[in-house]
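Student: I should like a close look at one part of this protein, set out as a connected account. Please begin with the whole chain and then turn to the part itself.

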Amino acid sequence: MTSHMPAFDGKAFVKGLSTAPGVYRMIAADEAVLYVGKASALKNRVASYFNASPKSPRIATMLAQVARMEVTVTRTETEALLLENQLIKSLKPRYNVQLRDDKSYPYVLLTNEGWPRIAMHRGPRAVPGRYFGPYASVGAVRETLNLMHKLFRLRSCEDSVFRNRSRPCLQHQIGRCSAPCVGLVPADEYAESVRRACLFLDGRSDELSNELGKAMEAASARLDFEEAARLRDLVQSIRGMQARQYVDGRAAELDVLAVAMQEAAACVLLLAFRDGRNLGTRAFFPKTGGSTDAAEVLAAFVSQYYAEQAPPREIVLDRDIPDRELIEQALSLTGDRKVQIKASVRGERAGYVDLARRNAELSLASERTSHVAQRARAEGLRDLLGLAALPARIECFDISHTMGEATVASCVVFDSEGPVRGQYRRYNITGIEPGDDYAAMHQAIERRFRRAVEEQGVMPDVLLIDGGAGQVAQARAALDDLGVEGVALVGVAKGPARRPGDEELLLPDGRIVHPGAESPALQLVQQVRDEAHRFAITGHRGRRQKARSTSRLEDIPGIGPRRRAALLRHFGGLGGLKAAGVEEIARVEGVNAALAARIYASLHGLETQGE
């Protein structure tokens, strides 16, 4: 006998609610969260869902799935807004507008170490240091870094290069680095340059200019005219840059946001200015949860985006949004400074709004076109493989190594909308004969699917293997050993001419087909395969470079920073030291014959006898 869960009685639930502000959650029978919302008065807001007024199809569909509701009372409506944003991000409710996770925002990173390095950074903020941004484009980051090197002469080299320099590099010679690697700048002077760079990146260039002006006067008063001239040139460079790039004749710090919609598809376009510099535009495509209300989508975007990113002092919108004053108050509270959100502007800012709106429309049209093409490719692959439905998840594996060195396997994931970069994986392959691609493929497939079987994880509909029959056979053996079924396994081999479009596909039924360059199915396979190849190459190069660039001197007992620097200076770097014999190494001050023998043995992979 089948039992049925009674329908949710919304009116009865409302009776027990208070009029305090808070957050409510609608939950389905399978415990999936359908919707998260905030309310200035919980009782009134929740009651509006269950009264007799007509509901949109989206809301009606959502309410029909509600099995229960939960509420959290907050002290203020601002707290409710902040909690709503946190829950939307963590729970990913089906019917909420959601800003898609994107780890590719470019930042300027200033590392937290003895001699900080400045560089562009993308991805998770795993490196200790200060992150400035996000910037709208890579070009804007490069422009900023170019200014940093000219103005403050901070290093950009990786630590492996920095530790092993024995003479200044080209960056120093052209006046873009103060060469801390070889001790040409005192530590306190370099630290002061780092502090000033932070002021500039924080948008406090007026404060920096005033500070440098006072320092210039002080240097002149103590007759240090060389230092005064250097500071004068620095001030002139900063003020000259401001004169060229100020907006409305003064430093501007604002974001301009516009939204474009076609049915339930949306694009939010961000045009950013910091310290008077135009940082370019960036298009976002939030999941709308079925909403067709542009103002609702924009309000959700503003709340969620600036919950993660520091808001500027001024945010200009192309339309008014619900709870604008409340969101403004919340952003001012979390940012520890007053933030203004404006929906009606004139003059040059109105021109920026128009520019953002037109770019949003163009970006959305382009995205929609690409989605139509992506669906056509997915339909072609479905028909080619004889699948019952469109493949919702495609994974592709590739192997990369150099003559068997630093073997890395990559796994990339595509869904109906394209690459899902947050689910990409790399596998460092160990315990196999160097260059054995078959064993490498077997190990990678076994590791990926064993975990899925043990944890009942997600399985792909289509599994692409970049390789011929041998690699496919290894993948099939690994899947069979784990008892994995229902995955369409396809090999992607280069054709006789080894040209793009000439690929052979090894289908699950054993057939070998040549779809041809015009085939939408092959175009999708190529897109996924090329992404797997790129991801594997990147991982392999990183692993290989790490293995090759790490100085073994650091692992040799008796070699401290001073002796290491003396050795590298004497031989002009690690390459010169490797080419030297034991007798030559022993001539370096502070290195005796026994230590020279240990150094030689370590650099050449030899064993040494115990002393």
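How much area does the protein expose, and what share of it do carbon and sulfur atoms supply? After that, please examine helix 4 closely, together with the elements that its buried residues pack against.

Tutor: The model is a predicted one. The protein exposes about 31,000 Å², and 49% of this area is supplied by carbon and sulfur atoms. Of its 611 residues, 44% count as buried. The secondary structure comprises 20 helices and 19 strands. When contacts between residues at least 6 apart in sequence are considered, 60% of them join residues at least 24 apart.

Helix 4 covers residues 77-91. Its 15 residues should span 21 Å at 1.5 Å a residue, and this agrees with the 20 Å that separates its end C-alpha atoms. The buried residues in helix 4 are Thr78, Ala80, Leu81, Leu83, Glu84, Asn85, Leu87 and Ile88. A general point helps in reading such a list: an α-helix has 3.6 residues a turn, so residues three or four places apart point the same way. The packing partners of these buried residues are strand 1 (22-28), strand 2 (33-39), strand 3 (66-73), helix 11 (294-308) and helix 12 (324-335). Immediately after helix 4 comes Lys92, which has a positive phi, near 50°.

Helix 12, one of those partners, can be described in like manner. Its 12 residues reach 16 Å from the first C-alpha to the last, close to the 16 Å expected at 1.5 Å a residue. Leu326, Ile327, Glu328, Ala330, Leu331 and Ser332 are buried in helix 12. The cover over these buried residues includes helix 4 itself, along with strand 2, helix 11, strand 10 and strand 11 (340-342). Strand 2 and helix 11 also appear among the elements against which the buried residues of helix 4 pack.

The backbone on either side of helix 12 deserves attention. Asp323 is placed in the loop between strand 10 (314-317) and helix 12. Its phi is near 60°, a positive value in a residue other than glycine. Because its relative accessibility is 32%, Asp323 counts as partly exposed. Helix 12 is then followed by Asp336, whose phi is likewise positive, near 60°. As a general matter, most residues other than glycine have a negative phi.

A further positive phi belongs to Ala179, again near 60°. Ala179 lies in the loop between helix 7 (170-173) and helix 8 (187-201). With 1% relative accessibility, Ala179 counts as buried, whereas Asp323 is partly exposed.

For a pair of helices described by their axes, consider helix 14 (residues 437-454) and helix 15 (residues 469-482), whose axes come within 8 Å and cross at roughly 30°. Angles under 35 degrees count as roughly parallel, and helix 14 and helix 15 are therefore roughly parallel to each other. The crossing of helix 14 past helix 15 is right-handed. Among the residues that make the contact are Tyr438, Met441, Ile445 and Phe449 of helix 14, and Gln474, Ala478 and Leu482 of helix 15.

Definitions and conventions
Residues are numbered from 1 along each chain as its sequence is written. This is a predicted model: local features need pLDDT of at least 70, side-chain atom pairs count only at pLDDT 80 or more; totals for chains, interfaces and linings use all residues. Side-chain values use heavy atoms; hydrogens and water are left out. Helices (H or I, at least four residues) and strands (E, at least two) are DSSP runs, numbered from the N terminus. Buried means under 20% relative accessible area, exposed over 50%, partly exposed in between (1.4 Å probe, protein chains only). Contact means heavy atoms within 4.5 Å. Accessible areas come from the Shrake-Rupley method with a 1.4 Å probe; for residues, only the protein chains shown count as cover. The expected span of a helix is 1.5 Å times one less than its number of residues. Axes are lines fitted to C-alpha atoms, for helices over the stretch in contact, and angles run from 0 to 180 degrees between N-to-C directions. Angles under 35 degrees count as roughly parallel, over 145 as roughly antiparallel, 65 to 115 as roughly perpendicular and the rest as oblique. A crossing is left-handed if the near helix is turned anticlockwise from the far one by less than a right angle, and right-handed if clockwise.
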